[in-house]
Amino acid sequence: MPDLLLTLKTTFGYTSFRPLQREIIEAALSGSDVFALLPTGGGKSMCFQLPALTQPGLTLVVSPLIALMKDQVDALQASGVSATYINSTLGAEEARSRFAGLHRGEWRLLYVSPERLMLDGWAEKLKAWNVSLIAIDEAHCVSEWGHDFRPEYRQLSKLREYLPDVPVMALTATATERVREDIVRHLKLRAPKIFVASFNRPNLTYRVLPKDQPLKQVIDFVRKRELESGIVYCASRAAAERVAESLAGRGFLARPYHAGLAAEERSRNQELFLRDEVRIICATIAFGMGINKPNVRFVIHYDLPKNIEGYYQETGRAGRDGLPGDCLLLFNPGDIAKQTHFIDEITSPQEQQIARAQLRQIVHYAESAGCRRGELLAYFGESFPLAQCGACDNCLEPRASYDGTIVAQKFLSCVYRIRQASGFSVGMNHVIEVLTGADTEKIRRWGHDRLTTYAIGGELSRPQWSAVGRELTRLGYLAVAEGEFATLDLTAEGIEVLRTRQTVTLTKPMDLPKARRVQRREGDIECDEILFARLRGLRKKLADERAVPAYIVFGDATLRAMAREYPTTLREMEGIPGLGEKKLAEFGATFASEIAAYLENNARMSFP
């Protein structure tokens, strides 16, 4: 066995291995197939980079992202390692040059996408290049139960046909037992040696806050961390733009990142973030896979993630240097409906079923009163040895509980009576409609308005009953059927609760967002703060062109009035305070056009 520690030190400058790295490398060098699960920041790349330097032949690395290939190859070349990549960014001449180098055996590592590997002619190329190890990064992409399923990963099993004697290493940062089994089966790993590191990231603190005026919550959060780098994950491109604009308008170094941006702008924003010239990236989930930025100090989820694997991986981008990192999730039960709407648009019934199950799991996490760290580790099949981690909101500030026996009895009884009377189960929404005495066509048609539990739940609102139902599910008293309709049934434990009338302790939910007016300073004009920030940017541009102070163009009161009234024509501009004829003629059309452009992607807000 080669001196691995010497190679590690001389090439990469490290004096010791991270947990399981040496064992994984030695297994690969012995010729075994390997499945390696190391958390984000756990050093997966080293597991195939070091073998490439200590054995003859080419190490083939399958990677799903072009940006990741370039970053890793640049880092390797900076360390003196002969590595290259083949992807669609290369010109024809450069690609030919790299292929020639591969035929001459000049490279130790080749990074390539799964799509490229499956092109005609690649099987013969691979056979000619003396491949000694195949490393499949982000291997969870092979599983429909993984958080980033990619059909093209399924075709990688053909590598076994092309190179039957070459060992395969599959690597991922997040995988449940089910996903692990999928990876081993679909990639045709042969008696693989399996290595699973702890999922615990002790340097990360996890918090969930009720989502209430989320832009203000994000601004308040980052204001306390002005010199730190962070990522704000948003569910949509529009939200990523909106949050970035709002932060930038308040002087923070923030940029958006999403698939709707031109490739050049997206790449530039990422590069500025990596170089610490931009502190905050507001991104969709398109950002981050393989980004090796060790000093990310916080990750905010502005919207509810789709699943726990994605949430875990995204939070794992904080604190990769081992120093403390903060993870904040803003949660509103209303986000469940938004995600359900997206799921309804999925055409595959199987994928719909998986997405619904994953959504229930992330909602369970968000609403749970238990230790966040314990919940995350349990999801991945790992037990956290302590009752409290001391580094999550539920451990630091435990939520109050209450005697929920009566409401639990009502909910469970309603589920039981519906099943008893109809012979079939229904979903949570229908149970709640029965409890609250709704007059719907289904209730009348099925006779559920004649049940003894009809309209017995008037003391709680529908959202409150939804929270009770979800907690009873978490406690194991209700089971949710897999599939499109997600019907509810009593478990054996739930039946026992009904039979014995045992005490049920429930946790008070996080305070739900309240519709309330923002406390304003005397003289402030309430307005769309995001549009106001955008108009301030336009004002600065016009002022700079004229080499005058910004207030010479318009005062803040004028901009705030515009951001309140949304004028999009010169006629609508009339009556805005501070807008005389000359300024209307000179600037009116420019500002009206800016407001119209803003409204293409943003809804008007209403003000009292």
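**Exercise 1. Follow the chain from one strand to its partner.** In which sense do strands β10 and β11 pair, and over how many bridges?

*Solution.* Step 1: find strand β10 at residues 254-257 and strand β11 at residues 280-283; they pair in the parallel sense, over four bridges. A friendly reminder before you go on: this is a predicted model. Step 2: pick out one bridge, in which Ala 254 has Ile 280 of β11 as its partner. Step 3: trace the path from β10 to β11, which runs through helix α13 (residues 263-274). This β-α-β crossover is right-handed.

**Exercise 2. Look at both faces of a strand.** Which residues of β2 point one way, and which the other way?

*Solution.* Step 1: locate strand β2 at residues 58-62. Step 2: recall that side chains in a regular strand alternate between the two faces of the sheet. Step 3: sort the residues of β2: Leu 58, Leu 60 and Val 62 point one way, while Thr 59 and Val 61 point the other way. Step 4: check how covered they are; five of the five residues of β2 are buried.

Now turn to the neighbours of this strand. β2 pairs in the parallel sense with strand β5 (residues 131-136) over five bridges, and Val 62 stands opposite Ile 136 there. β2 also pairs in the parallel sense with strand β4 (residues 109-112), over four bridges. In that pairing, Thr 59 has Leu 109 as its bridge partner.

**Exercise 3. Classify an aromatic pair.** What kind of aromatic pair do Phe 199 and Tyr 312 form?

*Solution.* Step 1: begin with the total, which is 14 aromatic pairs in the structure. Step 2: take the values for Phe 199 and Tyr 312, which are 5.6 Å centre to centre and 65 degrees between the planes. Step 3: apply the cut-off: planes over 60 degrees apart count as edge-to-face, and this pair is edge-to-face. Step 4: place the two residues. Phe 199 is in the loop between β7 (193-196) and β8 (204-210), and Tyr 312 is in helix α14 (residues 308-315), so the pair links parts of the chain 113 residues apart. Step 5: read the accessibility. Phe 199 is buried at 1% relative accessible area, and Tyr 312 is buried at 3%.

**Exercise 4. Try a second pair.** Are Phe 424 and Trp 446 buried or partly exposed?

*Solution.* Step 1: Phe 424 and Trp 446 form an edge-to-face pair, at 5.0 Å centre to centre and with 70 degrees between the planes. Step 2: Phe 424 is in the loop between α19 (405-422) and α20 (428-435), and Trp 446 is in the loop between α21 (441-445) and α22 (462-474). They are 22 residues apart. Step 3: buried means under 20% relative accessible area. Phe 424 has 30% and counts as partly exposed; Trp 446 has 29% and counts as partly exposed too.

**Exercise 5. Explore the surroundings of a glycine.** Which residues does Gly 319 touch, not counting those up to four places away in sequence?

*Solution.* Step 1: find Gly 319 in the loop between α14 and β13 (325-331). Step 2: note that Gly 319 is buried, with a relative accessible area of 2%. Step 3: list the contacts of Gly 319, which are Arg 201, Asn 203, Leu 204, Pro 294, Val 296 and Arg 297. Step 4: compare sequence with space, using Thr 40. Gly 319 and Thr 40 are 279 residues apart along the chain, and 9.7 Å separates their C-alpha atoms.

Conventions:
Residues numbered from 1 in each chain as written. Predicted model: local features only at pLDDT ≥ 70, side-chain atom pairs only at ≥ 80, totals over all residues. Heavy atoms only, no water. Phe/Tyr/Trp six-rings, centres within 6.5 Å; stacked < 30°, edge-to-face > 60°. Helix = DSSP H or I, 4+ residues; strand = E, 2+ residues; numbered from the N terminus. Buried < 20%, exposed > 50% of the residue type's maximum accessible area, 1.4 Å probe, protein only. Pairing = 2+ DSSP bridges. Right-handed = clockwise from strand over helix to strand, strands pointing away. Contact = heavy atoms within 4.5 Å.
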